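The following note is offered to a colleague who wishes to examine the model point by point. The points proceed from the overall fold to individual strands and residues.

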Amino acid sequence: QVQLLESGGGLVQAGGSLTLSCAGSGTIFRFHVMGWYRQPPGKERELVAVITWGGTTTLSDSVKGRFTISRDNAKNTVSLQMNSLKPEDTAVYYCNSRPPRGNEYWGQGTQVTVSS
């Protein structure tokens, strides 16, 4: 069974940092496009960052210069390093995996709360 498990969320003050991790299991994610999405309270889910199997990254404008996405295919993990956090970064963060063929996968989410 394919699973994605997020970890690393928590409460942090504005200006602080957190690192989120997504651990995949049940398949090889080498050629999957991996990404992080988030859903702020009362808002729709939005893209945060994406990284391809070749290491090409895309970040949303709101997090450019502050967040970094990376992956370790040997460990089946994807990380999101979040620096200079702002209250508007408060959201449930979800790990996403999209294979070349077939359905995409989602994790259960991890809460990130940034206080002012």
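Strands, as the term is used here, are DSSP runs of E at least two residues long, numbered from the N terminus; on that basis S84 is found in the loop between β8 and β9. The model is a predicted one.

1. Overall composition. The protein contains zero helices and 11 strands. Its pattern along the sequence is accordingly written β-β-β-β-β-β-β-β-β-β-β.

2. Dimensions. For 116 residues, a compact globule would be expected to have a radius of gyration near 13 Å, and the protein agrees with this, at 13 Å. The C-alpha trace spans about 40 × 25 × 25 Å along the principal axes.

3. Burial, contacts and surface. Of the 116 residues, 40% are buried. Where contacts between residues at least 6 apart in sequence are considered, 54% of them join residues at least 24 apart. The exposed area of the protein is about 6,400 Å², of which carbon and sulfur atoms supply 48%.

4. Charge. There are 11 positive and 8 negative side chains in the protein. The centres of these two sets lie 6 Å apart.

5. Strand β4. This strand covers residues 33–39, and five of its seven residues are buried, so that β4 is described as mostly covered under the limit of 20% relative accessible area. β4 pairs with two other strands. With β9 (residues 91–98) it runs antiparallel, joined by seven bridges; within this pairing, V33 has R98 as its bridge partner. With β5 (residues 46–51) the sense is again antiparallel, over five bridges, and here G35 has V50 as its bridge partner.

6. The β4–β5 hairpin. Six residues lie between the two strands of this hairpin, and G42 takes a positive phi near 75 degrees there. P41 is also found in the loop between β4 and β5. Is P41 buried or exposed? P41 is exposed, because its relative accessible area of 62% is over the 50% limit. The C-alpha atom of P41 is separated by 7.8 Å from that of T90, although the two residues are 49 apart along the chain.

7. Strand β11. Residues 110–115 form this strand, which has two contrasting faces: T110, V112 and V114 make up the covered one, whereas Q111, T113 and S115 make up the uncovered one. Strand β2 (residues 10–13) pairs with β11 in the parallel sense over four bridges, and the partner of G10 in β11 is V112, a residue of the covered face. β9 and β11, by contrast, run antiparallel and are joined by three bridges. In that pairing, V92 has Q111 as its bridge partner in β11, and Q111 belongs to the uncovered face.

8. Residue C22. C22 lies in strand β3, which comprises residues 18–25. With a relative accessible area of 1%, C22 is buried, because the limit for that class is under 20%. Which residues does C22 touch, not counting those up to four places away in sequence? They are L4, L5, E6, W36, N76, T77, V78 and C95. For L5, the separation from C22 is 17 residues in sequence and 5.4 Å in space, C-alpha to C-alpha.

9. Residue N76. N76, one of the residues that C22 touches, lies in the loop between β7 (67–72) and β8 (77–82). N76 is buried, because its relative accessible area of 18% is under the 20% limit. Its phi is positive, about 55 degrees, although N76 is not a glycine. Most residues other than glycine have a negative phi.

10. Residue S84. S84 likewise has a positive phi in a residue other than glycine, with a value near 50 degrees. S84 is placed in the loop between β8 and β9. Its relative accessibility is 41%, so S84 counts as partly exposed, a class that lies between the 20% and 50% limits.

Conventions. Residues numbered from 1 in each chain as written. Predicted model: local features only at pLDDT ≥ 70, side-chain atom pairs only at ≥ 80, totals over all residues. Heavy atoms only, no water. Buried < 20%, exposed > 50% of the residue type's maximum accessible area, 1.4 Å probe, protein only. Contact = heavy atoms within 4.5 Å. Pairing = 2+ DSSP bridges. Rg over C-alpha atoms; globule rule 2.2 N^0.38 Å. Areas by Shrake-Rupley, 256 points an atom, 1.4 Å probe, with all protein chains shown as cover. Lys, Arg positive; Asp, Glu negative; His and termini not counted. Charge placed at Lys NZ, Arg CZ, Asp CG, Glu CD.
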